[in-house]
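Reader: Got a minute? I'd like to go through the charged pairs and the cysteines in this one.
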Amino acid sequence: GLAPPDLRLQQLESEVRRGETLAAAGQIAMGLAHEIRNPLGAIRGAVQLMRRELNDDGRLGEYTDVLLKEVDRVNRIIETLLDLGRPVSLRPVPLNVHQLLERVALLSEESAGQRGVQIVRRYDPSLPPILADEDRILQVFHNLVRNAVEAMAGGGRLTLVTRLSMNPLFAKVDLGYGQRSMAEIQVLDEGAGISPATRARLFTPFFTTKDKGLGLGLALCHRIVEEHRGAIQIASEPGKGTAVSCFLPIAR
């Protein structure tokens, strides 16, 4: 069952290193983001004034619209960077995992349907509530479900699984207040799968395999789950699909 101690130590060491890299990247990102914010605000203000001056000139009005839209997009990117650098303050409360997953599934239904992706649920009805920060955990689930949908260009099944964790590494984690079981939430896709080389870099900030995107989604997920004193693991077989497992503490 259990990974040999030296292997587990290596895993822990790489976790710590990853945490440090993330923290360093976060610091740099925050510094940059703050610097970029001010000139951006000035640009936005100037464009709005210009738009007011132009009021009826249709063609030039189109240009100012584009400018404002793009400035807002840069702003959103900056917010994401700041998110990565900020210390997360969690307000954990007992939450029903299945209700959260249903909210995410409902919001993802349309984009899933367009890709021919069917959402399948395999819930354990006896699963106790988890102890988590609602907004943050929703952010994680949204991200994982979106990734799974996007991984299946040709359609397929996206399966949401919940169970009491049987993973020996997390089954009974002592977090300083006695032993506790963990809830395991799994998001399975039938996409192309991920090569081991790619998998090794998935949680690295700014690493992405997508055309669009910052490559911060999984880095942020990892960080949020860590802050909950949980864990996130990705298993994948090229050609077979990917399984992302989220281990979260149970409210007791």
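Reader: Start with R223. Buried or exposed?
Author: This is a predicted model. In it, R223 counts as buried, at 13% relative accessibility.

Reader: Which residue does R223 meet in a salt bridge?
Author: E227. The N to O distance between the side chains is 3.6 Å.

Reader: And where do R223 and E227 lie?
Author: Both are in helix α6, residues 217-227. They sit four residues apart, about one turn of the helix.

Reader: What about the accessibility of E227?
Author: E227 is partly exposed, at 33%. R223 is the buried partner, because its value of 13% falls under the 20% cut-off.

Reader: Which residues are joined into one network by shared partners?
Author: E102, E109 and R121. Salt bridges that share partners connect them.

Reader: How many salt bridges in the whole structure?
Author: The search finds 10.

Reader: Why would such side chains pair at all?
Author: Opposite charges can pair when the charged atoms come close.

Reader: OK, D65. What does D65 form a salt bridge with?
Author: R51. Their closest N and O atoms are 2.6 Å apart.

Reader: Which parts does that pair tie together?
Author: D65 is in helix α2, residues 58-85, and R51 is in helix α1, residues 5-54. So the bridge ties together parts that are 14 residues apart in sequence.

Reader: How accessible are those two?
Author: D65 is partly exposed at 37%. R51 is partly exposed too, at 38%.

Reader: Now strands. Which side chain does R163 meet in a salt bridge?
Author: That of E184, at 3.3 Å from N to O. This pair links distant parts of the chain. R163 belongs to strand β4, residues 156-164, and E184 to strand β6, residues 179-189. They are 21 residues apart.

Reader: Is E184 buried or exposed?
Author: Buried, with a relative accessible area of 7%. R163 counts as partly exposed, at 28%.

Reader: Switching to cysteines. How many disulfides?
Author: Zero. Take C221, which is in no disulfide. The nearest cysteine sulfur is that of C246, 7.3 Å away.

Reader: Why no bond for C246?
Author: Its closest cysteine sulfur is in C221, and 7.3 Å is too far for a bond. A disulfide needs the two sulfurs within 2.5 Å, so this pair does not qualify.

Reader: Are those two cysteines buried or exposed?
Author: C221 is buried, with a relative accessible area of 1%. C246 is buried as well, also at 1%.

Terms used: Residues are numbered from 1 along each chain as its sequence is written. This is a predicted model: local features need pLDDT of at least 70, side-chain atom pairs count only at pLDDT 80 or more; totals for chains, interfaces and linings use all residues. Side-chain values use heavy atoms; hydrogens and water are left out. Buried means under 20% relative accessible area, exposed over 50%, partly exposed in between (1.4 Å probe, protein chains only). A salt bridge is a side-chain nitrogen of Lys or Arg within 4 Å of a carboxyl oxygen of Asp or Glu. Helices (H or I, at least four residues) and strands (E, at least two) are DSSP runs, numbered from the N terminus.
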